[in-house]
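I opened my notebook to look around this protein one spot at a time. Here is what I wrote down as I went.

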Amino acid sequence: MPTDPTDRLIRLRTRFALLDTNGNGHLQSDDFALLADRVLDSLSADRDSAKAHALTQGCRTFWQGLAAACDRDGDATVTFQEYAAAIPDAAHFDQYGSPYARAVVALADTDDDGQVEQTEFIACMTAIGFAPPQVRQLFAALAGQRGRITTDAWSAAIKDYYVSDSANTPGQLLANQPA
């Protein structure tokens with residue numbers, strides 16, 4: 001079934017706006033450094049820990065991959081038009097986005113048991129910029145009756161959010177941001 005172009009555009013704009021952490025209308029390396037800082041602050045993470053370093057590097061790698069794929073004019077910024085025209089696919093995300101996704105999830109798994117509690121999930125996701133109602137909906141969808149999310153399920157939802165055109169994945173709940 002073909003993807004509705006309007007739904008795709010809404011998802012692209014939402015993803016772009018979240019990555020535009022400083023809100024200046026385009027993506028730059030500073031946005032990804034600020035993203036890492038917000039997540040680290042939300043979880044009161046030790047900035048010298050291996051997990052904090054992994055997140056910082058994961059954000060840097062995510063930016064470098066997006067810049068390489070999208071920055072057509074070489075000005076070290078990515079506009080929405082560049083982003084929408086060259087949105088990376090799943091293989092690109094595996095190389096450049098997965099280090100970020102794994103690092104976010106690992107940081108939120110504070111006791112290293114492969115599970116993320118609701119408190120850490122909500123803190124992390126709202127620091128990234130998602131609206132609390134959608135974050136709670138996603139947590140419920142991923143956790144079910146268990147009350148916790150597996151790190152694998154959350155990593156998969158992050159990937160789906162960034163690369164799937166389908167509106168039928170759990171992560172797409174986050175594309176429905178309130179106005």
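**A threonine in a helix**

I started with T61 and asked myself: is T61 buried or exposed? T61 has a relative accessibility of 15%, and buried means under 20%, so T61 counts as buried. I found T61 in helix 3. Next I looked up what T61 touches, leaving out residues up to four places away in sequence, and I noted Q95, Y96 and P99.

**How far I can trust the model**

I reminded myself that this is a predicted model. I looked up the confidence and found a mean pLDDT of 87 for the protein chain, with 88% of its residues at 70 or more. Where is confidence lowest, and where is it highest? Helix 1 (residues 5-19) is lowest, at a mean of 81, and helix 2 (residues 29-42) is highest, at 97.

**Rings that pair up**

I then turned to the aromatic rings, and the structure holds twelve aromatic pairs. I picked F62 and F93: their ring centres are 6.0 Å apart and their planes stand at 85°, so I wrote this pair down as edge-to-face. F62 belongs to helix 3 (residues 50-70) and F93 to helix 5 (residues 90-108), so the pair ties together parts that are 31 residues apart in sequence. I checked both F62 and F93, and both are buried.

My second pick was F130 with Y161. Here the ring centres are 5.4 Å apart and the planes are at 80°, so this pair is edge-to-face too. F130 lies in the loop between helix 6 (118-128) and helix 7 (132-143), while Y161 lies in helix 8 (residues 151-163), so this pair ties together parts 31 residues apart in sequence. I looked up burial as well: F130 counts as buried at 6% relative accessibility, and Y161 counts as buried at 2%.

Which residues do ring pairs link into a cluster? I listed F32, F62, W63, F93, Y100, F130, Y161 and Y162.

**Charges over rings**

I met Y161 again here, because I wanted to know what sits over its ring. The charged end of R15 does, at 5.9 Å from the ring centre of Y161. I also noted R13, which lies over the face of F80, 4.2 Å from the ring centre.

**The nonpolar core**

Before this step I jotted down a general point: in soluble globular proteins, nonpolar side chains tend to be buried together. How many residues does the largest nonpolar core have here? I found 51, and those with the most contacts inside this core are L27, L55, Y83, F121, I128 and W154. The elements that give two or more residues to this core are helix 1, helix 2, helix 3, helix 4 (80-85), helix 5, helix 6, helix 7 and helix 8. Helix 3 gives the most, with nine residues.

I took a closer look at I128. Leaving aside neighbours within four places in sequence, I128 is in contact with L18, L35, V39, Y100 and V104. I was pleased to recognise Y100 from my ring cluster.

**Cysteines**

Last, I looked for disulfides, and the count comes to zero. I tried C59: its nearest cysteine sulfur is that of C124, 9.8 Å away, and C59 is in no disulfide. A disulfide would need the two sulfur atoms within 2.5 Å. I noted that C59 is buried, with a relative accessible area of 1%. C70 is buried as well, with a relative accessible area of 0%.

Technical notes. Residues numbered from 1 in each chain as written. Heavy atoms only, no water. pLDDT = per-residue confidence, 0-100. Helix = DSSP H or I, 4+ residues; strand = E, 2+ residues; numbered from the N terminus. Phe/Tyr/Trp six-rings, centres within 6.5 Å; stacked < 30°, edge-to-face > 60°. Buried < 20%, exposed > 50% of the residue type's maximum accessible area, 1.4 Å probe, protein only. Lys NZ or Arg CZ within 6 Å of the ring centre and 35° of its normal. Contact = heavy atoms within 4.5 Å. Core = buried A, V, L, I, M, F, W, Y, C linked by side-chain atoms within 4.5 Å.
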